[in-house]
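Trainee: I would like a close look at one part of this model. Please start with a single loop residue and work outward from there.

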Amino acid sequence: MIYPKIALAQSIIEILSAKGIINIIISPGSRNAPLTIGFAQNPNFKCYSIADERCAAFFALGIAQQTKQPTVVVCTSGSALLNYYPALAEAFYSQIPFIVISADRPQSKIDIGDGQTIRQQNVFLNHSVFNANLTEEASEENDLKINQAIETAILKKGPVHINAPFEEPLYETTEELSVKPKITNFTPENNSNTIENIDQFVSIWNNAKRKLVLVGVNEANTIDRGIIENLASDPSIVVLTETTSNLHHPNFINSIDTLITPFDDSDFKEFNPEVLITFGGMVVSKRIKAFLRKYKPNHHWHIDTLRAYDTFGALTKHVEMQPNDFFKDLLPKTTFAESDYFKNIDSVYKERLKRRKEYLREIGFSDFKVFEKVIESLPPNSLLQISNSSAIRYAQLIDIDESIEVFCNRGTSGIDGSTSTAIGAAVGNSKQNIFITGDISFLYDSNALWNSYIPENFKIILVNNGGGGIFRILPGHQEKPVFNTYFETSHHLTAEHLAKMYHCNYFTANDSDSLTTGIESLYSTNNAPAILEIFTPTTENDVILKQYFKSLN
């Protein structure tokens, strides 16, 4: 086997191999040549080459999101490293294991005016779970730092940074290892499966007649069916889910804004829970957050093995357990309370759903109508990625088949790497992958298509409304030059030439009939990645959406 001659590079590669790390995304460069040579020559690794560092990092994020294993990104020195930051921050807040390895100049070359040098050590300190600043020579101290970085990424489900200084010459190779790095053994922590002081929880639970369970971003199939049925059957429990919750039951409310947007103060007081239980990641709905911040529950329990954000200013207990284990321990010890909490809310929600159906039947071609048709057409058992901004918000208003797993970069809620993440996810998961995105998000991350690894059956559904439609929905929108230029980012661009340049099949739609035809064409071609670009009326979309919420009263 061919190895880099630099001993430190050998140590990094051998330790990663011993720890079972497989996927390596390499951003081409010179200073990282020792690592590139070693990874590419080692059959234990699967290497990918992606030139744009920001895209490379989000691509890696998508793979890690699906495999649940740390993915490595490797770059040269200088500003290349900083382009990893958006994806690293997303990994931090979404609790995804992620390893950044940056090649660096020796410390003697930093801050002396040498080229491609920045202060790389601890550059991600605010959004990483461990930072390993290595010294130039291979050593046991360096080995221990590398081991700890990998283990921490796994244990804390987050990003780590390994910074490795290399001196020239960088490209020399050898057929013999010059190091025998120290490999540490670690056992992942076993989370508790019993609730501490459970009698207190049981007492509060049994006495509460209004219990609200709010589920944020959540992996599919993590909650036992028996637990789901118990929560759905208790008359004192209302369960609110979102598209990204991947949790389904006919008694669960899966369009939060459809339910609560028309509420007035008296409705909110009736809905106000005594006990709030939350689990999963970030919640999309701004309205539910505003409600719970104003009408605070007496008890808020957040169930998470690692973190608990006090999102509503009401947190009373962080239970460090898997949600499934928490309910498995709690529910058999509790009883159903006599209550009309679920009955009243469910009655309101069912009426809202009738009105939604009627409204969608009446409206013309628009973003809202497109999302209804597109989501209805999704293949069963597929994997759906959705970009941020208005796309994920529209998706919250439409029922999605429960066999479809849904993902979105909600950690930081940025639009910057949605396409790259979706492509990485398609590489990391063999299911049919579909990506629904808006035009600004797609254009912003168009370098995502500069990627040789996109599966042939990868589908992009691009809703092009000529700008940042989210800003028309938000308060303060007015048709003025400042708004159109600096907020909405009005444009007349399309994906047609990008599709041609990157060898993607390309289809368009601009009305209901062409949308039906376009969807059929999109799913019938698998010889290359495909884009369906749907053009919707810029000035009508926000009016139709706002009128929807008014129609629910």
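Mentor: Pro 188 sits in the loop between S8 and helix H6 (198-207). Keep in mind that this is a predicted model. Pro 188 is partly exposed, with a relative accessible area of 44%. Its C-alpha atom is 8.5 Å from that of Glu 151, a residue 37 positions away along the chain.

Glu 151 leads us to helix H5. This helix covers residues 140-155. Glu 141 and Lys 145 both belong to helix H5. They are 4 residues apart, about one turn of the helix. Their side chains form a salt bridge, with the closest N and O atoms 3.9 Å apart. The salt-bridge cut-off is 4 Å, so the pair counts. How accessible are the two partners, Glu 141 and Lys 145? Glu 141 is exposed, at 52% relative accessible area. Lys 145 is partly exposed, at 22%. Buried means under 20% and exposed means over 50%, so both values can be placed directly.

Step back along the chain to the other side of S8. The loop between strand S7 (159-165) and strand S8 (173-174) holds Pro 169. What kind of peptide bond joins Glu 168 and Pro 169? The bond is cis, with omega at about 5°.

Two other loops hold a backbone oddity. Lys 68 is not a glycine, yet its phi is positive, at about 65°. It lies in the loop between helix H3 (53-67) and strand S4 (71-75). Lys 68 is partly exposed, at 38% relative accessibility. Asn 246 is the other case to check. It is not a glycine either, and its phi is positive at about 50°. Its loop runs between strand S10 (237-240) and helix H8 (256-260). Is Asn 246 buried or exposed? Asn 246 is buried, because its relative accessibility is 8% and the cut-off for buried is under 20%. Asn 246 also has a partner that is remote in sequence. Phe 407 is 161 residues away along the chain, but the two C-alpha atoms are 8.9 Å apart.

Now move on to helix H9. Asp 265 meets Lys 294 in a salt bridge, 3.7 Å from N to O. Asp 265 lies in helix H9 (residues 265-271) and Lys 294 in helix H10 (residues 286-294), so the pair ties together parts that are 29 residues apart in sequence. Lys 294 is exposed, with a relative accessible area of 57%. Asp 265 is partly exposed, at 43%.

Which residues form the negative surface patch? They are Asp 264, Asp 267, Glu 270 and Asp 340. Asp 265 is in a salt bridge with Lys 294. Patches take residues with no salt bridge, so a residue in such a pair is left out. Asp 340 comes from another stretch of chain, the loop between helix H11 (323-330) and helix H12 (341-362). Asp 340 is partly exposed, at 45% relative accessibility. Patch members need over 30% relative accessible area, so that value qualifies.

Helix H12 has a salt bridge of its own. Asp 346 and Lys 350 meet at 2.7 Å, N to O. Both are in helix H12, 4 residues apart, so about one helical turn separates them. How do Asp 346 and Lys 350 rank by accessible area? Asp 346 is buried, at 12%. Lys 350 is partly exposed, at 42%.

Finally, set these sites against the whole chain. A search of the whole structure finds 15 salt bridges, among them Glu 141 with Lys 145, Lys 294 with Asp 265 and Asp 346 with Lys 350. The protein chain has 21 helices and 19 strands. Of its 553 residues, 56% count as buried, and Asn 246 is among the buried residues. The C-alpha trace spans about 75 × 60 × 45 Å along its principal axes. What about the radius of gyration of the protein chain? It is 25 Å, and a compact globule of 553 residues would have one near 24 Å, so the two agree.

Definitions and conventions. Residues are numbered from 1 along each chain as its sequence is written. This is a predicted model: local features need pLDDT of at least 70, side-chain atom pairs count only at pLDDT 80 or more; totals for chains, interfaces and linings use all residues. Side-chain values use heavy atoms; hydrogens and water are left out. Patches are made of residues with over 30% relative accessible area and no salt bridge: like charges are joined within 9 Å, nonpolar side chains (Val, Leu, Ile, Met, Phe, Trp, Tyr) within 5 Å. Accessible areas come from the Shrake-Rupley method with a 1.4 Å probe; for residues, only the protein chains shown count as cover. Lys and Arg count as positive and Asp and Glu as negative; His and the chain ends are not counted. The place of a charge is taken as NZ of Lys, CZ of Arg, CG of Asp or CD of Glu. Buried means under 20% relative accessible area, exposed over 50%, partly exposed in between (1.4 Å probe, protein chains only). The radius of gyration is taken over C-alpha atoms; the globule rule is 2.2 Å times the number of residues to the power 0.38.
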